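Good morning. I will take a few minutes to walk through one structure, starting with a cavity and ending with the surface.

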Amino acid sequence: MPGPVKNLPIGEILVNSGFISEKQLQDALSKQKASGGKMLGDVMLEMGLVSETQLAQALAIRLKVPFVDLSSVKVDTAAVGKIPENIAKEKTVFAFSVNHNRLMVATNDPVNFYIFEDLKVITGMEIVPQISTKTQIEAAINKFYSSQAMDSTMSELESEADKSADLSQDLAQAESEGRIDNAPIVKLVNMMVETAFRMKVTDIHIEAFKDRTRIRFRIDGELVEQDMKIPPSFHNSIITRIKILGGMNIAERRIPLDGRFGTRIDGVNLDMRVSTIPCVYGEKCVIRLLSTADDKTRKITDLGMTDYNYQMFKQIIRCPNGVMLVTGPTGSGKSTTLYATLGELSQPNVNIVTVEDPVEKKIDGINQCQINDKAGMTFAAALRSILRQDPDIIMVGEIRDGETADIAIRAAITGHFVLSTLHTNDAASTIVRLVDMGVAPYMVATSLVGIIAQRLVKLLCKECKEKFMLTDPEELKLMNRTEPIEIYRPHPGGCRACHGAGYSGRTAIHEIIVTTPDIKELISRGATAEEIGAQATKNGTLLLRDNVTKMVMAGKTSMDELVKATYTV
């Protein structure tokens, strides 16, 4: 269709739409010339000048093809089924609506007419292309085809259950006959793990009750019950299948068991830890999902550390020797911070050795040791041996007792840089905890170079968060305010983009103490956590509450999250 817009280059449309400036366009054009034939849009994406959505919207204007936001549009499942999953994945297309004989199809390549001719033959319908981003199309394909496959697996399972009394026996028989992939229980477990991975779930809980089996996913720190109606007769079969995967004893149902297995979903290697425990109506199983794909990419600044805190963090890791501790409750991202720190410190001329229980992420170029208490490979024993391995940097997964603390501190004093974690509520109380464990105060003062306390807070959904006036005197006091202020809160019931949660994603908040000479002096004379904290604040430490208050004021998180992360009696 001819028209003035059609002939405008994509760069000019982006400038006219206010997405980029003229100078940024010229920079991108010169970079495109040097790249040797790359598309201008791809060059801009690499440079971070535009988002995928902005590029798709500009393309929509240029080609006069409507833009569709798949994250907020209502998808018709009847339309999805018109295109087979393998075709949708191969051609990056997603059918989201059907109107009589017209099929609305989202594509990121609306100029490729061959795709639409093929789809016309496959579906026998008239294809109406609409433009969307590749990321949105792939996410929609994964989500909607998974839910359809789950429904068909559930109905297959029900018909199987009617025919057979003991599914576990069938499972064992299928295993021996080598037709395991077709067993409905196997499909169900595979689908459960795939769905969880795509929903960015950290843990899957499978629980037995009198009249049902409950499946819950932990998303952004919250447990969310899944709409899977699984009769209790299937429970043992599901647990048996997971035990087979995890290399566990399927005959043992009276004691807690642990196992692990790996799989690959959407091109990402996934490592899973399995734990079972006997309960009244059967075994409860928890699967923890650990993605091993982004070991190298996660930098400490990507994890939510502010520029101010990052400067303090750099002061700590510049030290050639000493102990750096990361503290916080279970599930506050301590291990992730340690791995990111190792990434910053890892060099070809540095020998890094870690002692972990278990090794959560395998990192190239770092020697990682797994604890095995039964064999006598405890934290303390492993640490003693590692000191003979000529290490420069030692990472201890967790300081659990006085003996481990003592060896770690001695290792730091003898010229090594030691990283570890400890379970305490704030940075200052960590010092007191070490002394309570039996380490002499002067040893703590000599070796400790810095402490990072952290928590995870949920981020408000950008699409549906709403403004309101905070007037509650108690809550204003928590933010060191006396006058009412305007902040954001989650929209009740959320929206399609955040799956009704009101929040989307999490970030870390940090409280960092650098042990300066005045703090070392306080530690040596056995000062309280309050005194150490007060001195650290004078030296420029921003407390956890200060950091999360700034986020509330900036509209990134809510008052509820501030209370959850930092409230103390």
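**The cavity and its surroundings**

Let me begin with helix α11, residues 235-245, which gives four residues to the lining of the largest cavity, the most of any contributor. Before I go on, please keep in mind that this is a predicted model.

How many cavities of 30 Å³ or more does a search of the whole structure find? The search finds one. The volume of the largest cavity is about 30 Å³.

Which residues line the largest cavity? They are Asn236, Ile239, Thr240, Lys243, Ile250, Arg253 and Glu283. By character, the lining divides into three charged residues, two polar ones and two nonpolar ones.

Now the chain as a whole. There are 569 residues, and 46% of them count as buried. The secondary structure comes to 22 helices and 18 strands. Taken along the principal axes, the C-alpha atoms fill a box of roughly 80 × 70 × 55 Å.

Next, two residues with backbone angles to look at. As background, most residues other than glycine have a negative phi. Lysine 64 has a positive phi, near 55 degrees, and is not a glycine. You will find lysine 64 in the loop that runs between α4 (52-63) and α5 (77-80). Is lysine 64 buried, partly exposed or exposed? Its relative accessibility is 43%, so lysine 64 counts as partly exposed.

The second residue is histidine 100. Its phi is also positive, at about 55 degrees, although histidine 100 is not a glycine. On the chain, histidine 100 sits in the loop between β1 (93-99) and β2 (102-107). Is histidine 100 buried or exposed? The cut-off for exposed is over 50% relative accessible area. Histidine 100 has 78%, and therefore it is exposed.

Last, the surface. Which residues make the nonpolar surface patch of about 340 Å²? Phe209, Val280 and Tyr281 make that patch. One of them, tyrosine 281, is placed in the loop between β8 (268-279) and β9 (282-291). Strand β9, at 282-291, brings us back to the start, where Glu283 was named as one of the residues lining the largest cavity.

To recap: the search gave one cavity of 30 Å³ or more, lysine 64 has a positive phi, histidine 100 has one as well, and Phe209, Val280 and Tyr281 form a nonpolar patch on the surface. That is what I wanted to show. Thank you.

Note on methods. Residues numbered from 1 in each chain as written. Predicted model: local features only at pLDDT ≥ 70, side-chain atom pairs only at ≥ 80, totals over all residues. Heavy atoms only, no water. Patch = residues over 30% accessible without salt bridge, like charges linked within 9 Å, V, L, I, M, F, W, Y side chains within 5 Å. Areas by Shrake-Rupley, 256 points an atom, 1.4 Å probe, with all protein chains shown as cover. Salt bridge = Lys/Arg side-chain N within 4 Å of Asp/Glu carboxyl O. Helix = DSSP H or I, 4+ residues; strand = E, 2+ residues; numbered from the N terminus. 1 Å grid on protein atoms, 1.4 Å probe; cavity = no way out; pocket = protein on both sides within 12 Å on 5 of 7 lines; lining within 4 Å. Points joined across faces, edges and corners; volume = space filled by probe spheres on them. Nonpolar A, V, L, I, M, F, W, Y, C, P; charged D, E, K, R; others polar. Buried < 20%, exposed > 50% of the residue type's maximum accessible area, 1.4 Å probe, protein only.
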